[in-house]
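Look at the chain below from one end to the other before reading on. The paragraphs that follow take up its surface, its charged pairs, its sheets and a few unusual points of the backbone.

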Amino acid sequence: MRLVVVAHGTRQLLGNAVASIIAKRAGRVLGMESKAAYVELCEPLLTDVLADGQPSVVVPLLLSTGYHIKVDLPQAAEGLPVAMGRALGPDPLLASAQVSRLVAAGAVPGQPVVLVAAGSNDPSARADIAAAGQMLEKAWGGPVRVATVSGSGAPPIDQVVRPGDAVSPYLLAPGFFSDLVRSRSSAAGAETVADVIGPHPDVIELVVHRAAALLAADDGDRAEVG
């Protein structure tokens, strides 16, 4: 059995490296072979990784439910010995990692924060983004409003960010969207723009928890069949 983490993929090498780092660190904790794969824009694609038929637990590094979670990933795993996890977010561990990034960027505890997600027209993704905002507000201990890069699922950045706000990108890896978050937030008067969540220790812990749960469920299914 191996661990496969699957990210969306970006044309920026640094962004794709985040998935590789997470895979290596989580695999080390689990004592498993591990590999990073991508939905698009970067190789190896998940379909190619799973094509060898090796039993795998797949932990998506996608922060919200949407088309990739509902369609692309299940199709890639269809008929294969694969235990597929749900979207990585929302989760309190992600909120904890965001707090860490905010503090590192110089945000003051209690300062108004805007969580900025990529955005989606999928109702499930909208609910996930709203929940992520609530989790961050609880972890941060101050007001948190929600915006999106695309304006889908929540208002766009320029309608939400106010002068003096701190901005927390709800993005796992650097790339085109993170560049937009920084530039648009700064233009709207944000005082601080935190780094993306990245391979934070809380993210590694979350991936390990998700993989362990999939392994336990898979063992239970085998025991029941046996």
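A residue is called buried if its relative accessible area is under 20%, exposed if that area is over 50%, and partly exposed in between, computed with a 1.4 Å probe on protein chains only. The model is predicted, so local features are reported at pLDDT of at least 70 and side-chain atom pairs only at pLDDT 80 or more, while totals for chains, interfaces and linings use all residues. Residues are numbered from 1 along each chain as its sequence is written, and side-chain values use heavy atoms, with hydrogens and water left out.

By these limits Asp52 is partly exposed, with a relative accessible area of 49%. Its partner in a salt bridge is Arg2, and the closest N and O atoms of the two are 2.9 Å apart. A salt bridge here is a side-chain nitrogen of Lys or Arg within 4 Å of a carboxyl oxygen of Asp or Glu. Arg2 is buried, at 3% relative accessibility. To place such residues, helices (DSSP runs of H or I, at least four residues) and strands (runs of E, at least two) are numbered from the N terminus. Asp52 lies in the loop between helix H2 (46-50) and S3, and Arg2 lies in strand S1, so the salt bridge ties together parts that are 50 residues apart in sequence.

How many salt bridges are there by this rule? The count comes to four. Another of them joins the side chains of Lys70 and Asp122, at 3.1 Å from N to O. Because Lys70 belongs to helix H3 and Asp122 to the loop between S5 and H5, this pair links parts 52 residues apart in sequence. Lys70 is partly exposed at 43%, whereas Asp122 is buried at 16%. Arg210 and Asp91 also form a salt bridge, with their closest N and O atoms 3.5 Å apart. Arg210 sits in helix H8 (residues 201-225) and Asp91 in the loop between S4 and helix H4 (92-104), so this pair ties together parts that are 119 residues apart in sequence. Both residues, Arg210 and Asp91, are buried.

Now turn to the strands. Two strands pair if DSSP finds at least two bridges between them. Four strands form an open sheet in the order S2-S1-S3-S4, with parallel pairing. Strand S2 (33-38) and strand S4 (82-84) are at the edges with a single partner strand each, so one side of each has no neighbour in the sheet. On average, neighbouring strands of this sheet are turned by 25° against each other, direction ignored. Such angles run from 0 to 180 degrees between N-to-C directions, and the axes are lines fitted to C-alpha atoms, for helices over the stretch in contact.

S1 and S2 pair in parallel over six bridges, and Val6 stands opposite Ala37 in S2. Going from S1 to S2, the chain passes through H1, and this β-α-β crossover is right-handed. Right-handed means that, with the strands pointing away from the viewer, the path from the first strand over the helix to the second runs clockwise. Helix H1 (residues 13-30) lies across strand S1 (2-7) and S2, at about 160° to S2. On the other side of the strand order, strand S3 (residues 56-60) runs parallel to S4 and is joined to S4 by three bridges. Helix H3 (residues 67-77) packs on the sheet and touches S1, S3 and S4; contact means heavy atoms within 4.5 Å.

There is also an open sheet of four strands in the order S6-S5-S7-S8, again with parallel pairing. Its edge strands are strand S6 (144-148) and strand S8 (192-193), each paired on one side only. Helix H5 (residues 123-140) packs on this sheet, touching strand S5 (113-117), S6 and S7, and its direction makes about 150° with that of S5.

Some backbone details remain. The peptide bond from Glu43 to Pro44 is cis, with omega near 5°, and Pro44 is in the loop between S2 and H2. Leu41 is in the loop between S2 and H2; Leu41 has a positive phi of about 70° although it is not a glycine. A cis peptide bond also joins Gly89 and Pro90, with omega about -5°, and Pro90 is found in the loop between S4 and H4.
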